[in-house]
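Me: I have a chain open here and want to go through it with you. Can you take some quick questions?

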Amino acid sequence: MVSVAEQPARLTLDTPALLTEWKPSYNRGAAMQAPLALIGFLLGLLAWWQTGNWPWLLGAALLVANWPYTLIVIMPTNRKLQEADPTNPPRETRSLVETWGALHAGRTALGTAATLIYLWASMG
C-alpha cells in the first residue's frame, strides 16, 4: 500500500533520488489504479442492478469518485512533479512529494470506504 509502505520509504531518500523513484512509480500506479477503479465501479453497479441493494451503488460511487478527486485535487501536484528534473530538482520537490502523499491518502480513504461498504452490502 502506497500510503503505508512506499511513501514513507520514499521520503527517506535524498531529493533527487526521491523524485527519480516517484516518477516511474506514479506512472505504474496510474496505469493500474484507473482501470481497477473502473472495474470496481462497474461491478458495484452490476451488483446494485441485480440486487437493488443501495450500498452497492454507494460503494461504486466512492470508487469512481477517485477519478475527479485525482483530476481536480491531485493533478496540479502531479504535473509539477512530472515536470521537475531529477538531476536538478526544484527546492519545493520534497514538500510537493509530501503533499502528494497526503493527497494520495484521500484516494486510499475512498477505496477503503468503498471496500467496507461492499463488504457490508455483501452481508445483506
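Reply: What follows is a short exchange on a predicted model.

Me: Start with the fold. How many helices and strands does the protein chain have?

Reply: There are five helices and zero strands. Read from the N terminus, the order of elements is α-α-α-α-α.

Me: What box do the C-alpha atoms fill?

Reply: Roughly 55 × 20 × 20 Å, taken along the principal axes.

Me: And what share of the contacts links residues 24 or more positions apart?

Reply: Such pairs make up 73% of the contacts with a separation of 6 or more.

Me: What percentage of the residues is buried?

Reply: Of the 124 residues in the protein chain, 35% are buried. The exposed surface comes to about 7200 Å², and carbon and sulfur atoms supply 70% of that area.

Me: How many charged side chains of each sign?

Reply: The protein chain carries 8 positive and 7 negative side chains, and the centres of the two sets are 4 Å apart.

Me: Now the interior. Which residues make up the largest nonpolar core?

Reply: It has 12 residues: Leu-18, Leu-19, Trp-22, Tyr-26, Ile-74, Met-75, Leu-81, Ala-84, Leu-96, Val-97, Trp-100 and Leu-103. Helix H2 (15-51), helix H4 (66-83) and helix H5 (93-123) each give two or more residues to this core. A second, separate core has eight residues, including Phe-41, Ala-114, Tyr-118 and Ala-121.

Me: Pick Tyr-26 from the first one. Why does it count as buried?

Reply: Because its relative accessible area is 13%, and buried means under 20%. Tyr-26 sits in helix H2.

Me: What does Tyr-26 touch, beyond residues up to four places away?

Reply: Met-75, Asn-78, Gln-82 and Trp-100. Of these, Met-75 and Trp-100 are also listed in the largest nonpolar core. As for Ala-109, it lies 83 residues from Tyr-26 in sequence and 18 Å away in space, C-alpha to C-alpha.

Me: And Ala-84, what are its contacts on that same basis?

Reply: Ala-84 touches Leu-19, Lys-23 and Pro-90.

Me: H4 looks bent. Where is the kink?

Reply: At Ile-74, shortly before the proline Pro-76, with an angle of about 60°.

Me: Which residues of H4 are buried, and what do they pack against?

Reply: The buried ones are Asn-66, Thr-70, Ile-74, Met-75, Thr-77, Asn-78 and Leu-81. They pack against H2, helix H3 (54-64) and H5.

Me: Why would residues three or four places apart in an α-helix point the same way?

Reply: An α-helix has 3.6 residues a turn, so residues at that spacing point the same way. In H4, Asn-66, Thr-70, Ile-74 and Asn-78 are among the buried residues.

Me: Over to H5. Is His-104 buried or exposed?

Reply: His-104 is buried, with a relative accessible area of 4%. Leaving aside neighbours within four places in sequence, His-104 is in contact with Val-2, Ser-3, Gln-33 and Ile-74. That last partner is the residue at the H4 kink.

Me: What about Ala-114, where does it lie?

Reply: In helix H5 as well. Ala-114 is buried, with a relative accessible area of 1%. Beyond residues up to four places away, Ala-114 touches Gly-59, Leu-62 and Leu-63.

Me: How many ångströms separate the C-alpha atoms of Ala-114 and Thr-77?

Reply: The separation is 25 Å, and the two residues are 37 apart along the chain.

Note on methods. Residues are numbered from 1 along each chain as its sequence is written. This is a predicted model: local features need pLDDT of at least 70, side-chain atom pairs count only at pLDDT 80 or more; totals for chains, interfaces and linings use all residues. Side-chain values use heavy atoms; hydrogens and water are left out. A nonpolar core is a set of buried Ala, Val, Leu, Ile, Met, Phe, Trp, Tyr and Cys residues joined through side-chain atoms within 4.5 Å. Buried means under 20% relative accessible area, exposed over 50%, partly exposed in between (1.4 Å probe, protein chains only). Helices (H or I, at least four residues) and strands (E, at least two) are DSSP runs, numbered from the N terminus. Contact means heavy atoms within 4.5 Å. Accessible areas come from the Shrake-Rupley method with a 1.4 Å probe; for residues, only the protein chains shown count as cover. Lys and Arg count as positive and Asp and Glu as negative; His and the chain ends are not counted. The place of a charge is taken as NZ of Lys, CZ of Arg, CG of Asp or CD of Glu. The bend at a residue is the angle between axes fitted to the seven residues ending there and the seven starting there.
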